[in-house]
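Reader: I am new to this structure and would like to be walked through it. Could we begin with a term that will come up when we look at single residues?

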Amino acid sequence: MVTKKATRGAAKKRASGDHDLAGQQEFPLLPIRNTVLIPNIVTPLMVGREQSIKAIEAAMSKDRMLFVVTQKNEEVEDPGPDDVYTIGVEAVIDRVLKLPDGTTSVLIHGQRRLRRLEYTRLTPFMRARTEVVSEETERTLAVEALMRATLALFEKCIKLSNSLPDEAFITAMNIDKPGWLADFVVSTIETPIATRQEILEAFNVEERLQKTCILLSKELNILELESQIHTQVQQEVDKSQREYFLREQLKAIQHELGETDPSIRDGAELRDKIEAAGMPEEVKARASKELDRLNATPSMAPDSGVIRTYLDWLVVLPWIKASEDRLDLKEAQRILEERHYGLEKVKERILEYIAVRKLSDTMRSPILCFVGPPGVGKTSLGRSIAEALNRKFVRLSLGGVHDEAEIRGHRRTYVGALPGRILQTMKTAGTINPLFVLDEIDKIGADYRGDPSAALLEVLDPEQNSAFSDHYLEVPYNLSRVIFLTTANVLHPVPAALRDRLEVIELPGYTGDEKLHIARQFLIPKQVQEHGLKASKVAFEDAAIHRLIREYTFEAGVRNLEREIASVLRKVARKVAEGRRSKTIITAEKLPDYLGPQKHFFELAEQKDEPGIATGLVWTNAGGDLLTVEATLMEGRGNLTLTGQLGDVMKESAQAALSYARSRAKQLGLESRFYEKYDIHLHLPAGSIPKDGPSAGITMATALISALTRRPARRDVAMTGEITLRGRVLPIGGLKEKVLAAHRAGITTVILPKRNMQDLRDVPPEVVKDLRFLPVERMDEVLAIALHALPLSQEELEQPEHISAPIKPMRLKRPTTPRPATQSAGPV
């Protein structure tokens with residue numbers, strides 16, 4: 001507000017002010033924050049700081065005059081000389097009111113711009129000597145144009161703003177001084193403190209008007225955008241209100257006609273489903289709250305579909321519906337025996353669970369992990385267990401899953417959000433206690449979207465899964481009654497925390513005899529039925545099945561065996577379809593007519609005993625296999641070359657083998673300083689296949705020493721074991737698969753670490769009976785068994801075949817009590 005009366009009164013009071021020098025005056029200094037006092041403007045202030053109150057009291061005791069300056073930092077509670085700006089405003093106090101809360105309300109009127117020259121006092125309040133800032137007030141054409149532009153912009157702002165009164169424009173029109181006009185406009189609109197101070201310090205009137213016009217232009221742009229947004233919102237609100245009004249009218253008309261609103265009918269149906277679902281009280285309260293929101297939301301609103309989908313998921317999930325377990329042990333055992341051959345450990349574990357479940361209802365459901373090579377029946381075993389227990393069977397494949405939201409779901413804020421695949425599968429099961437197979441748990445990935453294996457920690461933890469939290473539902477769901485079965489080919493990719501929650505049961509590869517029984521009992525009848533044949537029209541001889549297993553498949557499981565049987569039966573089915581009526585007998589001699597030439601060859605590693613060649617045993621994802629190690633010497637400087645895609649562990653084993661040979665050169669009868677005369681090349685064939693692990697250590701040492709001593713290695717001997725620099729033979733893992741591979745390939749003698757003898761209890765008795773097992777503890781024992789006593793002459797080396805001398809058989813006793821042994825992974 002601008003008043004001429006107040007201005008005249010202030011001039012009289014200035015005449016009585018303190019004068020030290022001509023044109024200078026001394027005033028109490030009042031620091032203010034959150035605002036800037038503008039000349040010729042009346043401004044109310046709330047004063048509460050002690051020095052400010054004393055400054056006002058000092059001014060009131062004299063001429064009511066103050067030097068009002070804005071703080072640079074509004075957060076400073078006790079401003080000092082350097083905390084306020086240099087330019088301020090001379091002000092006169094019009095009114096002072098003390099309030100009950102201890103603060104003081106002051107109404108001050110800005111007068112002129114002042115510049116602080118120096119401080120004359122700092123306590124208990126600041127006093128400053130000031131001088132009046134002269135303003136350039138020449139009214140040029142540019143100033144006149146700026147005044148008109150300022151008034152035009154100010155008028156537009158007032159029309160668009162709801163906070164600016166129309167009287168403000170009238171007041172602005174009646175101001176004839178350019179500087180006053182700029183000051184008034186700036187004090188009227190909302191501007192930052194720094195901008196107001198900048199305009200206060202603009203002593204040139206033309207410059208001040210230019211800054212005011214720029215400020216008004218920015219304000220006008222903001223007001224126009226606000227007006228546009230407000231118009232759009234108002235239109236939407238009007239449209240919604242109109243729809244609501246018409247809908248209410250429609251409801252009233254339908255009520256009079258005896259009709260029912262579909263939304264009301266749907267709400268009633270949902271409420272009935274919520275009551276019938278058997279939800280826990282916490283979940284039921286959440287569902288009822290969401291239903292109330294749905295009823296209050298117009299059907300055309302975006303949230304309506306989101307809420308409806310959420311409620312549909314809540315009512316469709318099984319909360320209390322459960323299948324009754326079959327607790328008949330004999331019936332469960334019969335079903336398992338009918339569906340699967342062998343696998344005694346798994347069957348025994350399931351029967352133990354049924355027995356305990358029959359005695360106690362409080363037992364937690366087991367969380368099992370079946371680990372084994374492909375094709376051994378891990379997934380199909382889960383289906384059989386579900387049938388034995390009379391539970392629903394559901395399966396979730398985790399192979400290639402990279403996103404944590406696949407397990408826990410997305411939050412409802414995302415468009416198209418859904419629960420995770422755990423709850424989606426529970427919906428498919430329809431019961432709260434299914435048998436849930438998590439397939440390929442070792443093939444879970446992780447990327448920037450999270451780690452799914454970490455999300456599975458809660459699912460597979462019996463202490464936590466009774467209140468599993470899905471991001472979409474955001475209510476606890478009970479998974480404790482679910483029997484979780486996980487499957488994996490190998491365990492090492494599974495994180496340790498997740499592996500700790502699993503009860504691991506290993507499913508090793510099948511022997512030839514086991515595959516024969518599986519083919520007879522399961523595979524052939526299944527394929528005969530699928531190909532539309534009858535058992536009276538086709539039959540397989542045992543010799544044909546054995547040949548199928550040994551010459552046309554090479555696997556730990558039976559998946560490829562089933563494919564080959566299907567290939568034979570397809571050709572038989574064609575003959576039957578062409579009119580053949582006689583029974584077809586599949587013999588071993590006829591197999592090439594159906595399947596072509598032999599695909600896999602099982603023979604000894606070499607045709608004759610040669611220096612520098614040794615046969616090892618390795619473990620692979622498909623079971624066990626034979627590994628030939630070749631060593632050769634060349635004139636050189638002692639370089640060791642390793643080829644065959646060897647991993648770091650296997651390279652270290654080769655280095656250890658060479659170091660052992662150098663340390664035992666005298667005992668082995670080697671040339672002195674042989675390692676300076678020859679280059680040594682170790683090669684493991686099948687170079688395209690990566691290999692790693694320590695269990696080929698004694699094989700590489702045997703091949704190396706055989707090449708150095710020219711003592712041939714026996715071709716009918718296979719070995720496995722880790723070697724140390726001192727020549728000790730350490731235990732290894734995967735012994736059963738390796739022994740089965742040796743038996744399958746026709747090996748007669750197996751050298752193995754002595755501490756692994758206890759693991760032979762897992763090998764089928766018929767395999768143990770056919771092989772000789774020679775336990776060793778040191779490398780000297782390996783060399784005594786695997787190498788000939790004397791080096792071969794050149795004539796003997798050139799013979800077409802050198803026959804191995806027989807090895808004295810060793811009578812083995814199957815151990816009854818296993819002893820723990822440190823396992824190390826074999827080459828892969």
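Author: Certainly. A residue is called buried when its relative accessible area is under 20%, exposed when it is over 50%, and partly exposed in between. Please keep in mind that this is a predicted model.

Reader: Then is Q645 buried, exposed or partly exposed?

Author: Q645 has a relative accessible area of 42%, which lies between the two limits, so the residue is partly exposed.

Reader: Where is Q645 in the chain?

Author: Q645 sits in the loop that runs between strand 18 (640-643) and helix 22 (648-663). Its phi is positive, about 55°, although Q645 is not a glycine.

Reader: Why is a positive phi worth mentioning?

Author: Because most residues other than glycine have a negative phi. N34 is another case, with a positive phi near 70°.

Reader: What surrounds N34 in the sequence, and is N34 buried or exposed?

Author: N34 belongs to the loop between strand 1 (24-32) and strand 2 (42-47). Its relative accessibility is 53%, so N34 counts as exposed.

Reader: While we are on backbone details, which peptide bond is cis?

Author: The bond from T123 to P124 is cis, and its omega is near -5°. P124 is in the loop between strand 5 (104-121) and strand 6 (127-132). As background, most peptide bonds are trans.

Reader: Let us step back. How many helices and strands are in the chain?

Author: The chain holds 28 helices and 24 strands. It has 828 residues, and buried residues make up 47% of them. Among contacts with a separation of 6 or more, 75% are between residues 24 or more positions apart.

Reader: I should like to hear about a sheet. What is the strand order in the open one with five strands?

Author: The order is 8-9-12-7-13, and the pairing is parallel. Strand 8 (393-397) and strand 13 (503-506) stand at the edges; each has a single partner, so one side of each lacks a neighbour in the sheet. From one strand to the next, the twist averages 20°.

Reader: How many bridges join strand 9 to strand 12?

Author: Four bridges join strand 9 (residues 435-439) to strand 12 (residues 483-488). To give one pairing, F436 has F484 in strand 12 as its bridge partner.

Reader: And which helix packs on the sheet, touching strand 8 and strand 9?

Author: That is helix 15 (residues 421-429), whose direction makes about 155° with that of strand 8.

Reader: Now to pairs of helices. How do helix 12 and helix 13 lie against each other?

Author: The axes of helix 12 (residues 344-359) and helix 13 (residues 378-389) come within 12 Å and cross at roughly 30°. Angles under 35 degrees count as roughly parallel, so these two helices are roughly parallel to each other. The crossing of helix 12 past helix 13 is right-handed.

Reader: Which residues make that contact?

Author: Helix 12 contributes V346, I350, Y353 and I354, while helix 13 contributes L381, I385 and L389. By type, the residues of this contact are seven nonpolar, no polar and no charged.

Reader: At what angle do helix 24 and helix 27 cross?

Author: Helix 24 (residues 697-709) and helix 27 (residues 779-786) cross at roughly 60°, with their axes coming within 10 Å. The two are therefore oblique to each other, and helix 24 passes helix 27 in a right-handed crossing. I698, A701, T702 and I705 in helix 24 meet M779, V782, L783 and A786 in helix 27. That contact divides into seven nonpolar residues, one polar and no charged.

Reader: Back to single residues, please. Is Q197 buried or exposed?

Author: Q197 is buried, because its relative accessible area is 3%. This residue lies in helix 6 (residues 193-200). Leaving aside residues up to four places away in sequence, Q197 touches V36, T70, Y85 and I87.

Reader: One last residue: where is I732 found?

Author: I732 is in the loop between strand 22 (729-730) and helix 25 (735-745). Its relative accessible area is 0%, so I732 is buried. I732 and R755 are 23 residues apart in sequence, and their C-alpha atoms are 8.9 Å apart in space.

Key. Residues are numbered from 1 along each chain as its sequence is written. This is a predicted model: local features need pLDDT of at least 70, side-chain atom pairs count only at pLDDT 80 or more; totals for chains, interfaces and linings use all residues. Side-chain values use heavy atoms; hydrogens and water are left out. Buried means under 20% relative accessible area, exposed over 50%, partly exposed in between (1.4 Å probe, protein chains only). Axes are lines fitted to C-alpha atoms, for helices over the stretch in contact, and angles run from 0 to 180 degrees between N-to-C directions. Angles under 35 degrees count as roughly parallel, over 145 as roughly antiparallel, 65 to 115 as roughly perpendicular and the rest as oblique. A crossing is left-handed if the near helix is turned anticlockwise from the far one by less than a right angle, and right-handed if clockwise. Contact means heavy atoms within 4.5 Å. Ala, Val, Leu, Ile, Met, Phe, Trp, Tyr, Cys and Pro count as nonpolar, Asp, Glu, Lys and Arg as charged, and the others, Gly among them, as polar. Two strands pair if DSSP finds at least two bridges between them.
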